[in-house]
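Dear colleague,

I am passing on to you the structure that you will be working with from here on. Please look through it first, and then read the notes below at your leisure.

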Amino acid sequence: MDHQPKFFENLSGTGKAIGVLTSGGDAQGMNAAVRAVVRMGIYVKAKVYFVYEGYQGMVDGGDNIVEVSWESVSSILQVGGTVIGSARCKSFRTREGRLQAAYNLVQRGITNLCVIGGDGSLTGANLFREEWSGLLEELAQKGKIDEEAVKKYAYLNIVGMVGSIDNDFCGTDMTIGTDSALHRIIEVVDAIMTTAQSHQRTFVLEVMGRHCGYLALVSALACGADWVFIPEYPPEEGWEDTMCVKLSENRARKKRLNIIIVAEGAIDCHNKPITSEKVKDLVVQRLGFDTRVTILGHVQRGGTPSAFDRILASRMGVEAVLALLEATPATPACVVSLSGNQAVRLPLMECVQMTQEVQKAMDEGRFVEAVRLRGRSFENNLNTYKLLSHKRPDAELPKTNFNVAVLNVGAPAAGMNAAVRAAVRVGITEGHKMFAVIDGFEGFARGKIKEISWGDVGGWTGQGGSILGTKRTLPAKYLEKIADQMRTNNINALMVIGGFEAYLGLLELSAAREKYDEFCVPMVMVPATVSNNVPGSDFSIGADTALNTITDTCDRIKQSASGTKRRVFIIETMGGYCGYLANMGALAAGADAAYIFEEQFDIRELQANVEHLTEKMKTSIQRGLVLRNENCNENYTTDFIYQLYSEEGKGVFDCRKNVLGHMQQGGAPSPFDRNFGTKISAKAMQWISKKLKETYRKEKGKVFANTDDSVCLLGMRRRNLVFQPVAELKTETDFVHRIPKEQWWLKLRPLMKILAKYKTSYDVSDSGQLEHVAMHSPKEAETGAI
């Protein structure tokens, strides 16, 4: 972008006091948000206060409102719940209560509030802000504060962050805690699936979410559930018969288990509740299946926050402080939220009103409207679920006579199998014959190709690695043989799921079109690599799972370090030359430094880091964590950095090193990777169908596609999913180091440094504009968002 960067150095918080509170139900990641607010606040020289026990603490005052320091928020990043407590507060609902709260804040000079909670907490904050000047007048009349205080503290600024596992707040793609709650649900589902499989059982799982079906819907997508009940999309009349037919069909297809997910607020089309017990009784009475109910309950709120939630909350916390510093008396109360991977600010009351509209639409039975109001991400999830869960009878399927092959290329990445499953099922629904290629381009050349059916990919979403098998081999040396196989099997389109090799492979195949007509077919690539180094996409399948592995390991290592005191750990991550894992891992684990290839460093910087850690050891936080990308510098190796730190830190701290290695490629895919893999792959398959129709030449009786736009990569760009011709991505690629020339996450580098107490400059040009909550058109749901 060609804008002049705007840095926050000229935004000073001197003389400002910020109060931070968590209110309503707790959610994992709230502590990460609190930590970011405190550290960013102190960084810009503002005073920061904890308000303990939510609004109750604000009303009670006294020891509930205390000024905090940098160290106050150490070691809370990996803790679930909220360390400053949260309570439902009746007295804040009365004017007397709010009067008392205003008095307690004025006593400490706090006129900036950062509220982390759900829509109820944020609505309360807004009312408090509207009444503020009146409350101060009243306090002055009662003689509790003087006229000067009324003038000095005339305005209250409020910024909200949505902390709620339900993801029920309009205007934001993900609320803090949602991803972690999905982690808990998926852990349980994966565990239940093994026991259900052993006994041929049906499990009915009840998940939380109050009046919002997000958790139920996404976990159903992520585990390939047989049926899901959500409040926004009640089943049609006679659903009992439909569901039972579906379950018995699945059993007849040799599926040994059934999973049914019920949202706690699930209803039928007459607004009558559908409970997990009711569903269980129905299955037992009608089908006689051995059926069990599991209610997940508060497990979903617990546990450590996922990497996604920690990064989300840290970004939101910093953004919230910036919003408070920039606020004027005329700025409406805003919420900071996420759209795609962009931080945005939205007027708080617009979001609240829209959230209430959803409930109203549901109460009045306008369910289509309710789904639309939930936003495009929700709508996309629902459409994808509908596409993938129910196989239409063969007689109803269209017949296109097209054959489409799917293959995995490159190193294994968690979520590849979910992508293959979605591609196969959408392809079959669109009327194509689907073929699976074993072992990438190498297997293709050897003729390892077979037809794959709907049932063959059942249960694939939760499997790690690559079931089809994957190789790094590029097609160039096998072109002749691959062309033969394409001809023999009459392959009309290719879908390649993989990393940088997949991208290079498609470039090679499209270059070979002049020589081989067989390659003149639509080809699409879906990015899947832990390194997240594919040009044209901000995210790739597998990176989130790897990031969680790194974060979990760092948590354990930090714990061991806090036991031994004065210890610094140096951890090497994967990623090739791409520093995504090292940088984001550092942000999620609260590291002191991350060395990456994209930001060159020299001995002076290493020296500064050692001195920084030496200073840190004098405080109460006596441990350090340093991440290093495997290829960040050929001379400053992990061993070199370890030896340098050991020598320079002699007598102050000792060092240990850890190379994480291939554990970053393994493990069951995270909910994000399952969901992202499923949605992006389904979309890619729909593109293939469209291209096949466009490029079919009746006179020749075959598909012929030889333009650049028939070889595309489907990537997530800022807020949308976009198809980009691979030929056009060449200019954006550094082929020597196998990374994109520009990477969005580098903008988050300063964030990590600020939260680790380094002086740095942070470009805030992207933030700062208050946007309005956009109502999207139904058409938009098809075009872009994830």
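What follows is a short account of what was found, beginning with the whole protein and then turning to one sheet and two loop residues.

Please keep in mind throughout that this is a predicted model. The protein contains 25 helices and 27 strands, and its C-alpha trace spans about 90 × 70 × 50 Å along the principal axes. A compact globule of 786 residues would have a radius of gyration near 28 Å, and the protein, with 27 Å, agrees with that expectation. Buried residues make up 63% of the 786 residues, while the accessible surface comes to about 29,600 Å², of which 49% belongs to carbon and sulfur atoms. If one takes the contacts with a separation of 6 or more, 79% of them are between residues 24 or more positions apart.

As for the sheet, 4 strands form an open arrangement in the order β19-β20-β18-β21, with parallel pairing. Because β19 (593-595) and β21 (654-659) stand at the edges and each has a single partner strand, one side of each is left without a neighbour in the sheet. From one strand to the next, the twist averages 20°. Strand β18, which covers residues 567-573, is joined to β21 by 6 bridges, the two running parallel, and Arg567 stands opposite Asp654 in β21. Helix α20 (residues 603-616) lies across β18, β19 and β20 (623-629), and its direction is at about 155° to that of β20.

Two residues in loops also deserve a mention for their backbone angles. Glu53 has a positive phi of about 55° although it is not a glycine, and Glu53 is found in the loop between β2 (47-51) and α2 (54-60). Asn532, likewise a residue other than glycine, has a positive phi near 55°, and its place is in the loop between β17 (523-527) and α18 (543-564). Are these residues buried or exposed, or do they fall in between? With a relative accessibility of 35%, Glu53 counts as partly exposed, since that class lies between the 20% and 50% limits. Asn532 has a relative accessibility of 3% and therefore counts as buried, the cut-off being under 20%.

With kind regards

How values were computed:
Residues are numbered from 1 along each chain as its sequence is written. This is a predicted model: local features need pLDDT of at least 70, side-chain atom pairs count only at pLDDT 80 or more; totals for chains, interfaces and linings use all residues. Side-chain values use heavy atoms; hydrogens and water are left out. Two strands pair if DSSP finds at least two bridges between them. Axes are lines fitted to C-alpha atoms, for helices over the stretch in contact, and angles run from 0 to 180 degrees between N-to-C directions. Contact means heavy atoms within 4.5 Å. The radius of gyration is taken over C-alpha atoms; the globule rule is 2.2 Å times the number of residues to the power 0.38. Buried means under 20% relative accessible area, exposed over 50%, partly exposed in between (1.4 Å probe, protein chains only). Accessible areas come from the Shrake-Rupley method with a 1.4 Å probe; for residues, only the protein chains shown count as cover.
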